[in-house]
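Biologist: I am new to this structure and would like a close look at a single part of it. Please take the paired strands and the charged side chains, and go through them with care.

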Amino acid sequence: MSKGRHPGLLLNKKRGFTLIEILVALGILSVLMAVAVPYAQMSLKRAKEAELTASLRVIRTAIDGFYKDYKEGKISKMCDCASEFGYPKNLLVLVEGVSTGDAVEKKLKYLRRIPANPFERQDIPAHEQWGLRSYADSWDSWSWSGEDVYDVFAKTDRKAIDGSDYASW
């Protein structure tokens, strides 16, 4: 060892990254982000579409169950909860339940809660998030006559991944 030099100071190199290395790292990160962000957005949209499909299926199954029970006489014809066609007057009827008209008071309930529309603002009550059609309305009507609930749809003009309108689901 040479005199006057400390053994730990033999290498007097500065440690750290050069400007080129930082720019290369930022470039790689920006390319990865450019790929990851659209993928994450698409994944989120797919999840919302799956939730929308499930919610529509749940509500429509409840409406069909109500209609079937009405036609089979399980729901009293004196009940003001159904239209003359046998469909519920509103979505809340499916949650609140309907009287069977038996001597022993029983209620038939079709939903525990009305599912939320994933494409609607969540501060709106769930029963107001859906577009409704009555038996008398046309299949593509956006206005509800208020007579009964024959069908539900998503009240949005957004497009699905496949290009179809959510309102037509």
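Modeller: What follows looks at two paired strands, then at the loop between them, and last at a group of salt bridges. This is a predicted model, in which local features need pLDDT of at least 70 and side-chain atom pairs count only at pLDDT 80 or more, while totals for chains, interfaces and linings use all residues. Residues are numbered from 1 along each chain as its sequence is written, and side-chain values use heavy atoms, with hydrogens and water left out.

Strand S3 covers residues 130–133 and runs antiparallel to S4, with four bridges joining them; strands here are DSSP runs of type E with at least two residues, numbered from the N terminus, and two of them pair if DSSP finds at least two bridges between them. Strand S4, residues 151–154, is covered on both faces, since Asp151 and Phe153 on one side and Val152 and Ala154 on the other are all buried, where buried means under 20% relative accessible area, exposed over 50% and partly exposed in between, with a 1.4 Å probe and protein chains only.

Within this pairing, Arg133 stands opposite Asp151. Asp151 and Arg133 also form a salt bridge, with their closest N and O atoms 3.5 Å apart; the term stands for a side-chain nitrogen of Lys or Arg within 4 Å of a carboxyl oxygen of Asp or Glu. Because Asp151 lies in strand S4 and Arg133 in strand S3, the pair ties together parts that are 18 residues apart in sequence. Asp151 is buried at 18% relative accessible area, and Arg133 is buried at 7%.

The loop between S3 and S4 holds Asp148, which is buried yet has no salt bridge, the nearest side chain of opposite charge being Lys89, 8.7 Å away. The side chain of Asp148 does make a polar contact of 2.8 Å with that of Ser83; such a contact is a pair of N or O atoms within 3.5 Å, where within protein one must be able to donate a hydrogen and the other to accept it, and residues adjacent in sequence count only if both atoms are side-chain atoms.

The salt bridges come to seven in count. Among them, Lys74 meets Glu72 at 3.4 Å, N to O, and Lys74 also bridges to Asp69, with the closest N and O atoms 3.8 Å apart. Lys74 is partly exposed at 42% relative accessible area, as is Glu72 at 45%, whereas Asp69 is buried at 12%.

Terms used
Lys and Arg count as positive and Asp and Glu as negative; His and the chain ends are not counted.
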